[in-house]
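Please open the model in your viewer and keep the sequence panel beside it, since this tour moves from one selection to the next. Each stop says what to select and what is there.

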Amino acid sequence: MTAKLENRLNDMIDQIKAGGAPKYHEKNAAQNKMFVRERLERLFDEGEFSVEDALFANNEAGNLPADGVVTAMGKVGGQTVCVMANDSTVKAGSWGARTVEKIIRIQEIAQRLKVPMLYLVDSAGARITDQIDMFPNRRGAGRIFYNQVKMSGMVPQICLLFGPSAAGGAYIPAFCDVVIMVDQNASMYLGSPRMAEKVIGEKVSLEEMGGARMHCSVSGCGDILAQSEKEAIELARNYLSYFPANYKQKPIMKEPKPPVDGRALEEIVPENQNVPFDMYELISRIVDDGSFFEIKKLFAGEIITGLARIEGRTVGIVANQPKVKGGVLFVDSADKAARFITLCDAFSIPLIFLADVPGFMIGTKVERAGIIRHGAKLIAAMSDVTVPKLSVIVRKAYGAGLYAMAGPAFEPDCCIALPTAQIAVMGPEAAVNAVYSNKINEIEDPKERMLFVQQKQQEYKEHIDIYKLASEMIIDDIVAPSRLRETLHHRLRFLESKEMTFSERKHPVYPV
Amino acid sequence: MKEINANMAGTVLNVLVNKGEGVSPGQLVVVLESMKMEIPIESTVEGTVTDIKVGIGDFVNEGDTLVILT
């Protein structure tokens with residue numbers, strides 16, 4: 001080959017890899033955005049090779065380097081991953097026919113290799129001028145979402161949202177397992193504020209309607225809010241370290257670490273069931289130091305969901321948070337937990353339930369919002385689990401709250417209780433009021449009435465005493481708080497060979 | 001003007017601030033009772049209490065204003 005030919009090739013590669021015009025790079029930098037190739041360099045393991053396909057896509061157009069998207073295979077934490085990454089310096093990362101074809105092809109590769117698929121999104125959406133070529137056909141944009149649905153639960157799918165994800169494009173994050181959004185820059189919306197004003201007459205800011213913080217705290221479309229692109233990429237790398245490459249494999253063991261030092265569990269959990277405490281503190285005492293990776297921290301704080309490690313083994317934790325809304329289950333908390341349970345079950349991550357729950361919320365507001373329908377989602381997802389399922393009753397577990405937190409009827413591999421546990425249809429106060437309400441009203445002397453109520457509450461407490469429940473074998477064990485981590489670790493080790501099929505059928509009729 | 005609202009339906013168990021008092025973020029201002037649990041309501045902002053909209057024993061719905069700050 002002549003030097004001339006080689007020079008032509010190298011010039012072209014350099015030109016394409018430089019992305020769009022300098023002014024768009026400046027605009028990117030002004031918004032604290034990295035260039036797409038810089039993002040990929042940070043995402044992939046340092047010093048490792050990567051492979052990119054269709055670098056020359058649409059090179060004949062002259063002004064659309066790589067057709068606005070980089071698709072590549074690389075390594076993250078030593079594991080192979082497939083990536084698509086929009087280039088916002090090329091027509092604002094918009095999609096043409098070859099952009100879409102490239103995305104579809106890298107998805108197909110991820111399916112064949114059974115490796116995680118990452119979507120680094122920063123795109124204005126479809127190029128309307130190219131719509132016939134990229135929108136409606138068999139390998140049009142719709143196929144991207146179809147593939148995502150097909151891949152869901154087969155391989156981890158992660159979305160890093162660096163910029164807008166508009167209209168149809170907003171479904172890319174929606175079909176991912178987890179969405180990491182960069183504060184101030186990331187947004188998701190079906191119709192832009194300008195469109196909303198034109199079509200429905202609403203005046204609203206982008207941040208208010210589709211901003212990262214809103215999605216991570218109100219709509220629940222976002223899972224993790226990052227303060228910078230660098231942090232978002234670090235979070236994605238860390239997230240992947242908890243997961244196997246696909247549904248057939250198991251998560252990789254990491255170096256075990258003792259939990260962080262601090263107050264003993266006995267001191268953290270108050271005996272009075274009605275007094276709040278901070279469940280995060282309890283979690284930090286049972287998981288390996290620094291291993292807790294929370295999902296949806298800013299959304300429905302009355303339930304905590306997160307990945308963690310116990311003696312180096314990945315686990316998923318679902319825990320009620322008595323400090324927020326009393327740990328009561330609401331519509332959003334049920335959704336949040338159901339989704340997290342499904343995620344862990346798909347990728348062989350054992351689940352630990354830490355129950356301190358007064359039950360599902362009652363009242364007009366939640367009934368009208370369909371709390372029963374949403375609660376059913378959580379109970380269905382939790383029932384369906386075939387990974388190791390460990391239920392820990394920390395304090396109260398009342399009513400359907402016991403069911404939602406993998407109570408004994410839902411075939412947990414164990415249901416163990418701390419000495420502070422209290423399992424009942426309802427708490428003593430509510431139960432005595434319900435059963436003896438007429439009798440209580442008949443007693444005229446206030447002192448006598450109080451004594452009667454106290455006596456009945458005492459009888460009730462004895463009736464639901466945790467040792468009585470252990471005697472009836474409703475629970476499998478009562479564990480000293482200081483031994484909780486150890487017992488969970490031992491049980492997880494025995495449960496490693498667990499294998500089961502939940503039910504015979506095509507699929508359930510989901511209570512969505 | 002900033003409002004501190006009830007984050008869930010319940011009954012007012014205690015009001016821990018007075019008119020004219022300064023509050024800081026994270027400070028406990030009202031305790032609700034709901035589902036037999038104590039529900040602490042903290043201020044998310046800094047300000048001075050100009051009005052208290054509820055009294056002990058009142059029923060409040062989710063979103064109802066408890067305290068107004070400037």
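How much space lies in the second largest pocket? In this predicted model, the second largest pocket holds about 1200 Å³ of space. To find its middle, select A:Gly301, A:Glu302, A:Val324, A:Lys325 and B:Asn7, which lie nearest the centre among the 32 residues of the lining. Then colour the elements that give two or more residues to this lining: in chain A they are helix H10 (212-219), helix H14 (331-346) and helix H15 (364-368), and in chain B they are strand S1 (2-5) and strand S5 (37-42). If you colour the lining by residue character, you will find 15 nonpolar, seven polar and 10 charged residues.

Stay with S5 of chain B, as this strand gives the most to the lining of the second largest pocket, with four residues. Show the side chains along S5(B), and you will see them alternate: B:Met37, B:Ile39 and B:Ile41 point to one face and are buried, whereas B:Glu38, B:Pro40 and B:Glu42 point to the other face and are not buried.

Next, add strand S4 (residues 28-34) of chain B to the selection, which runs antiparallel to S5(B) and is joined to it by six bridges. Two pairings are worth picking out by hand: B:Leu32 has B:Ile39 of S5(B) as its bridge partner, and B:Val30 stands opposite B:Ile41 of S5(B). Between S4(B) and S5(B), which form a hairpin, there are two residues, and B:Met35 in the turn has a positive phi of about 55°.

Now widen the view to the sheet as a whole, an open one of four strands in chain B with the order S5-S4-S2-S7 and antiparallel pairing. Which strands stand at the edges of this sheet? They are S5 and strand S7 (59-60) of chain B, each of which has a single partner strand, so that one side of each is left without a neighbour in the sheet.

Turn next to chain A and zoom out until the whole chain is in view. Its C-alpha atoms fill a box of roughly 100 × 55 × 45 Å along the principal axes, and its secondary structure comes to 21 helices and 16 strands. Of the 512 residues of chain A, 53% count as buried. Among the contacts in chain A with a separation of 6 or more, 73% are between residues 24 or more positions apart.

Within chain A, select helix H4 (residues 97-113), where A:Glu101 lies. Is A:Glu101 buried or exposed? A:Glu101 has a relative accessible area of 18%, and therefore counts as buried, the cut-off being under 20%. Display its side chain together with that of A:Arg105, and a polar contact of 2.7 Å can be seen to join the two.

The last stop is A:Ala54, in the loop between strand S1 (51-53) and strand S2 (69-76) of chain A. With 36% relative accessibility, A:Ala54 counts as partly exposed. Once its neighbours within four places in sequence are set aside, A:Ala54 is in contact with A:Ala66 and A:Lys102. To finish, draw a C-alpha to C-alpha distance from A:Ala54 to A:Gln148: these residues are 94 residues apart in sequence and 21 Å apart in space.

Notes. Residues are numbered from 1 along each chain as its sequence is written. Chains are lettered from A and ligands numbered from 1 in the order in which they are written. This is a predicted model: local features need pLDDT of at least 70, side-chain atom pairs count only at pLDDT 80 or more; totals for chains, interfaces and linings use all residues. Side-chain values use heavy atoms; hydrogens and water are left out. On a 1 Å grid over the protein atoms alone, a cavity is a set of points where a 1.4 Å probe fits but cannot get out, and a pocket is an open set with protein on both sides within 12 Å along at least five of seven lines; lining residues have an atom within 4 Å of a point. Grid points are joined across faces, edges and corners, and a volume is the space filled by probe spheres set on the points. Ala, Val, Leu, Ile, Met, Phe, Trp, Tyr, Cys and Pro count as nonpolar, Asp, Glu, Lys and Arg as charged, and the others, Gly among them, as polar. Buried means under 20% relative accessible area, exposed over 50%, partly exposed in between (1.4 Å probe, protein chains only). Two strands pair if DSSP finds at least two bridges between them. A polar contact is a pair of N or O atoms within 3.5 Å; within protein, one must be able to donate a hydrogen and the other to accept it, and residues adjacent in sequence count only if both atoms are side-chain atoms. Contact means heavy atoms within 4.5 Å.
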